[in-house]
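Hi,

Here is the structure I said I would pass along. Have a look at it first, and then read my notes underneath.

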Amino acid sequence: MFTFPQTCADEIRQIIASLKCKTASTSYEIPAKFLKISASSLSSRLSEFFNKCMAKGEFLNLLKIAQITPIPKITSPKSPNDYRPISILPTLSKVCEKVIYSRLYSFVTSNCILSPQQYGFRTNHSTELAIAAIYDDMICNKDNKLITCTLFLELSKAFDCVDHKILLEKLFYYGVKGKPLKPLPSYLDNRFQCTEIGDTMSSFLNVTCGLPQGSVLGPFLFLI
């Protein structure tokens, strides 16, 4: 069973220290540089605030608003498909997510829930290791006079295809249940995004499925 230990001022201070000052922030929230300067004063209050949110099973709505900036994929874009949407979330959201992530990742790793052959979005794993594993299999097969066939699949907009209900059921199955599970539906639900081009910003649109782009928890939940 997964448990959720409370955070403390020291942990929040360490997380803020690990933030990059150049990390982009939305136009309406606190930038990373300010958090770093004020870490000693804010960390205690932030830890109290976060613990209260987790106890209530709530992830603050203001931390779930993404600002989308479209970046051209090609020199002369002519359609929306020619742009790559870059999602920017509030810096404070990433601080909260890192607290949740450290506990979930530790639980999943210690219980060997993820396959050892899962190389994406994991510490000390890389595409080089994935290639080395395939290469090793091919050499072994060749030594045993076997033919190797490899199938590569690519899921378009993979993050956007994740179903929240299925994800929560998977987490429940693996032992993330009861009170520790409550903040995750709140984290996924009631998310909004807007698009900013130059000085113009669109109206807000509700995000009903998929995982938050540009988030800390998104890649990990995608693995689950």
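**Starting from S47**

S47 sits in helix α3. Keep in mind that this is a predicted model. Is S47 buried or exposed? With a relative accessible area of 6%, it counts as buried, because the cut-off for that is under 20%. Leaving out residues up to four places away in sequence, S47 touches T7, C8, A9 and I12.

**The helix around it**

S47 has company in α3: the buried residues of this helix are A39, S43, L46, S47, F50, N51, C53 and M54. What do they pack against? The buried residues of α3 pack against α1, α2, α4 and α7. The helix itself has 18 residues and spans 25 Å from its first C-alpha to its last, close to the 26 Å expected at 1.5 Å a residue. Just after α3 comes G57, with a positive phi of about 75°.

**The nonpolar core**

The largest nonpolar core has 40 residues. If you want to find it on screen, try I100, L104, L167, L171, V176, L184 and L221, which are the residues with the most contacts inside it. At least two residues of this core come from each of α1 (9-18), α2 (32-37), α3 (39-56), α4 (91-110), α6 (164-174), α7 (183-188) and α8 (217-223). Which helix gives the most? That is α4, with nine residues. As a bit of background, nonpolar side chains tend to be buried together in soluble globular proteins.

V176 is a good residue to zoom in on. Setting aside its neighbours within four places in sequence, V176 is in contact with F2, L104, F107, L171, L181 and L184.

**On the surface**

There is also a nonpolar patch on the outside: I134, M138 and F152 make a surface patch of about 310 Å². M138 belongs to helix α5 (residues 127-143). This methionine counts as partly exposed because its relative accessibility is 40%, between the 20% and 50% cut-offs.

**Two asparagines with positive phi**

Most residues other than glycine have a negative phi, so two loop positions caught my eye.

- N124 has a positive phi of about 65° without being a glycine. You will find N124 in the loop between α4 and α5, and at 71% relative accessibility it counts as exposed.
- N190 is not a glycine either, and has a positive phi of about 55°. N190 lies in the loop between α7 and β3 (191-197), and at 38% relative accessibility it counts as partly exposed.

**The whole chain**

Zooming out, the protein chain has eight helices and five strands. In sequence order they follow the pattern α-α-α-β-β-α-α-α-α-β-β-β-α. The C-alpha atoms fill a box of roughly 65 × 50 × 35 Å along the principal axes. How many of the 224 residues count as buried? The share is 35%. The chain exposes about 14100 Å², and carbon and sulfur atoms supply 59% of that area. Among contacts between residues at least 6 apart in sequence, 66% join residues at least 24 apart.

Best wishes

Technical notes
Residues are numbered from 1 along each chain as its sequence is written. This is a predicted model: local features need pLDDT of at least 70, side-chain atom pairs count only at pLDDT 80 or more; totals for chains, interfaces and linings use all residues. Side-chain values use heavy atoms; hydrogens and water are left out. A nonpolar core is a set of buried Ala, Val, Leu, Ile, Met, Phe, Trp, Tyr and Cys residues joined through side-chain atoms within 4.5 Å. Buried means under 20% relative accessible area, exposed over 50%, partly exposed in between (1.4 Å probe, protein chains only). Helices (H or I, at least four residues) and strands (E, at least two) are DSSP runs, numbered from the N terminus. Contact means heavy atoms within 4.5 Å. The expected span of a helix is 1.5 Å times one less than its number of residues. Patches are made of residues with over 30% relative accessible area and no salt bridge: like charges are joined within 9 Å, nonpolar side chains (Val, Leu, Ile, Met, Phe, Trp, Tyr) within 5 Å. Accessible areas come from the Shrake-Rupley method with a 1.4 Å probe; for residues, only the protein chains shown count as cover. A salt bridge is a side-chain nitrogen of Lys or Arg within 4 Å of a carboxyl oxygen of Asp or Glu.
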